[in-house]
Amino acid sequence: MSTKPSAGSRPLSPFMLGQYYRFQWTSLLSFAHRITGIGLSLGTLLLTGWLVALAGGPQWYAAYSAQLTAWYGQVLLFGWSWALMYHLCNGIRHLFWDIGRGFELKTAERSGYAVVVVSLTLTAAAWAIACYA
């Protein structure tokens with residue numbers, strides 16, 4: 001007879017929230033890295049559309065630009081630019097992990113906060129330069 005606990009009494013996945021798994025900041029950042037990667041892929045379609053409109057002539061460009069300068073276009077562009085900055089900063093964080101640095105819990109948590117703050121700062125700076133240059 002086996003003394004192993006049955007599968008029904010153990011958590012099945014670390015992704016199960018609640019009594020089996022405590023929420024972690026680094027888990028949220030990992031999930032955000034994946035989502036921003038997908039967002040960057042979709043945002044590239046936005047950039048491609050802009051290039052096609054540019055090549056299509058003044059009428060196509062004017063029509064496309066009108067969409068990008070509308071409030072919803074600005075929201076999409078802001079989200080895409082933040083995703084780019086976040087993905088860049090978090091990618092640099094992962095490069096440090098690849099060389100074996102920053103795995104300590106406190107360091108990982110602090111570097112995660114730094115990634116968020118720096119990505120928001122870079123996004124704001126890029127928009128300030130673009131809007132006022």
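Helix α1 passes helix α3 in a left-handed crossing, and this report on a predicted model starts from that pair before turning to helix α4 and to the chain as a whole. At the crossing, α1 (residues 25-56) and α3 (residues 71-98) pack at an angle of about 130°, with 8 Å between their axes. Since angles over 145 degrees are needed for roughly antiparallel and 65 to 115 for roughly perpendicular, that value makes α1 oblique to α3.

On the α1 side the contact is formed by Thr-26, Leu-29, Ala-32, His-33, Thr-36, Gly-37, Gly-39, Leu-40, Gly-43, Thr-44, Leu-46 and Leu-47, and these meet Leu-76, Leu-77, Trp-80, Trp-82, Ala-83, Leu-84, Tyr-86, His-87, Asn-90, Gly-91 and Arg-93 in α3. Sorted by class, the residues of this contact of α1 with α3 are twelve nonpolar, ten polar and one charged.

**A second partner for α1**

With α4, helix α1 packs at an angle of about 45°, the two axes lying 9 Å apart, and α1 is therefore oblique to α4 as well. Here too α1 passes α4 in a left-handed crossing. The residues that make the contact are Trp-25, Thr-26 and Leu-29 of α1, together with Ala-108, Glu-109, Gly-112, Tyr-113 and Val-116 of α4; by class they divide into five nonpolar, two polar and one charged.

The two packing arrangements are set out below.

| Helix pair | Angle between axes | Distance between axes |
|---|---|---|
| α1 and α3 | about 130° | 8 Å |
| α1 and α4 | about 45° | 9 Å |

**The helices and their buried residues**

Helix α1 has 32 residues and reaches 46 Å from its first C-alpha to its last, close to the 46 Å expected at 1.5 Å a residue. Its buried residues are Leu-29, Ala-32, His-33, Thr-36, Leu-40, Gly-43 and Ala-53, and they pack against α2 (58-69), α3 and α4. After α1 comes Gly-57, whose phi is positive, near 110°.

For helix α4 (residues 105-132), the 28 residues should span 40 Å at 1.5 Å a residue, and because the C-alpha atoms at its ends are 40 Å apart, the model agrees with that expectation. Ala-108, Gly-112, Val-115, Ser-119, Thr-123 and Trp-127 are the buried residues of α4, and what covers them includes α1 and α3.

One of these buried residues of α4, Val-115, can be paired with Leu-88 of α3: the two are 27 residues apart in sequence, and their C-alpha atoms are 9.1 Å apart in space. Leu-88 has a relative accessible area of 47%, and because buried would require under 20% and exposed over 50%, this residue is partly exposed.

**The chain as a whole**

The secondary structure of the protein chain comes to four helices and zero strands, and along the sequence the pattern reads α-α-α-α. Of the 133 residues in the chain, 20% count as buried. Among the contacts in the chain with a separation of 6 or more, 68% are accounted for by residues 24 or more positions apart. The contacts of α1 with α3 and of α1 with α4, described above, show how residues of separate helices are brought together in this model.

Key
Residues are numbered from 1 along each chain as its sequence is written. This is a predicted model: local features need pLDDT of at least 70, side-chain atom pairs count only at pLDDT 80 or more; totals for chains, interfaces and linings use all residues. Side-chain values use heavy atoms; hydrogens and water are left out. Axes are lines fitted to C-alpha atoms, for helices over the stretch in contact, and angles run from 0 to 180 degrees between N-to-C directions. Angles under 35 degrees count as roughly parallel, over 145 as roughly antiparallel, 65 to 115 as roughly perpendicular and the rest as oblique. A crossing is left-handed if the near helix is turned anticlockwise from the far one by less than a right angle, and right-handed if clockwise. Contact means heavy atoms within 4.5 Å. Ala, Val, Leu, Ile, Met, Phe, Trp, Tyr, Cys and Pro count as nonpolar, Asp, Glu, Lys and Arg as charged, and the others, Gly among them, as polar. The expected span of a helix is 1.5 Å times one less than its number of residues. Buried means under 20% relative accessible area, exposed over 50%, partly exposed in between (1.4 Å probe, protein chains only).
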